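Grab the model and work through these exercises at your own pace. Try each task before you read its solution.

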Amino acid sequence: MNTTPQIPFSLSDVEVSDAASIAQKVDVPAMQNGPLYRMMFPLSDTMTEAQRSEVVRWYADMLEDAFQERWEKFLKASSPDGTPIGFCGWTVIERNPKQVEVGKSLTEKQPGKENQKKATWLPEVLDIDGWTSVSKALRVERERILKNIENICRLTFMAVDPKYQRQGIGSAMMQRVCEETDQHGRCAYVLAAPEGVRLYSKFGFGIVGHVETPQGTITSMFRQARK
């Protein structure tokens, strides 16, 4: 039973300036026990503080690049003092744009002007072979499911500060994503870490496959379009 006091929170769009705090307080802490992170950083349990800081900085740079490019939609959950405690991101894959009413969806924005990317470096402790192998396996599984689907919402990020998990923050973010997805008659897809399967199942995602890794199972989940 979770005895952590419930914390009030609000949902809002992210700003580019949020990247560092989201990486440090939400994204990395939430994913560090998951299969993907463990494949990328198999020595994570023995990292020095300097190495951990380098990993957080790398994730922050990648998030900042993504926030600037605006190809994806991002949402953050914040505590009353403005500290990020949750974060999610999703992208729309629309292979027949004429079916979509341009300008009415939060995700259908034109990307921003090209910016100088920050995440052009790699952390010293990154296992490049492990990262490459799991990324390839995830891409193959994603393409297997989505290759013949025209209108897709693909979840790319979902994380809640471990101190505030199971308090409805993930559900509130998922509710927002699903409302938009349903408004446009889109199906949805996610590659879920073990701890995320329960949340996605709650919102109508079904298991359609698995990617097995030496660090655990990543679950392929699909949600049918609803009108």
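**Exercise 1. Find the residue of S4 that is the bridge partner of Trp-90, then place the two strands in their sheet.**

Step 1. Look across from Trp-90 and you land on Leu-155, its bridge partner in S4. Helices and strands here are DSSP runs (H or I, at least four residues, for helices; E, at least two, for strands), numbered from the N terminus.

Step 2. Now zoom out to the strand pair: S3 and S4 run antiparallel and are joined by nine bridges. Strands count as paired if DSSP finds at least two bridges between them.

Step 3. Trace the whole sheet. It is open, has seven strands in the order S1-S2-S3-S4-S5-S7-S6, and its pairing is mixed. S1 and S6 (206–213) sit at the edges with a single partner strand each, so one side of each has no neighbour in the sheet. On average, neighbouring strands are turned by 20° against each other, direction ignored.

A word on the source: this is a predicted model, where local features need pLDDT of at least 70 and side-chain atom pairs count only at pLDDT 80 or more, while totals for chains, interfaces and linings use all residues. Residues are numbered from 1 along each chain as its sequence is written, and side-chain values use heavy atoms, leaving out hydrogens and water.

**Exercise 2. Work out which strands H4 and H5 lie across.**

Step 1. Start with H4: this helix lies across S4, S5 (187–192), S6 and S7, and runs at about 160° to S6. Axes are lines fitted to C-alpha atoms (for helices, over the stretch in contact), with angles from 0 to 180 degrees between N-to-C directions.

Step 2. H5 lies across S1, S2, S3, S4, S5 and S7, at about 170° to S4. Contact here means heavy atoms within 4.5 Å.

**Exercise 3. Describe H3 and say what covers its buried residues.**

Step 1. Check the length: H3 covers residues 49–69, and its 21 residues reach 30 Å from first C-alpha to last, close to the 30 Å expected at 1.5 Å a residue. The expected span is 1.5 Å times one less than the number of residues.

Step 2. Pick out the buried positions, among them Trp-58, Tyr-59, Leu-63 and Phe-67. Buried means under 20% relative accessible area, exposed over 50%, partly exposed in between (1.4 Å probe, protein chains only).

Step 3. Their cover includes helices H1 (19–31), H2 (35–40) and H4 (128–146), plus strands S2 (73–78), S3 (84–94) and S4 (151–160).

Step 4. Step off the end of H3 and you meet Arg-70, with a positive phi near 65°.

**Exercise 4. How many salt bridges are there, and what do some of them link?**

Step 1. Apply the rule (a side-chain nitrogen of Lys or Arg within 4 Å of a carboxyl oxygen of Asp or Glu). The count is six.

Step 2. Take Lys-76 and Asp-18, which meet at 2.9 Å, N to O. Lys-76 is in S2 and Asp-18 in the loop between S1 (10–13) and H1, so this pair ties together parts 58 residues apart in sequence. Both residues are buried.

Step 3. Next come Arg-223 and Asp-182, at 2.7 Å, N to O. They link S7 (residues 216–223) to H5 (residues 169–183), 41 residues apart. Arg-223 is buried at 3% relative accessible area, whereas Asp-182 is partly exposed at 24%.

Step 4. Finish with Arg-144 and Glu-141, at 2.9 Å, N to O. Both lie in H4, three residues apart, about one helix turn.
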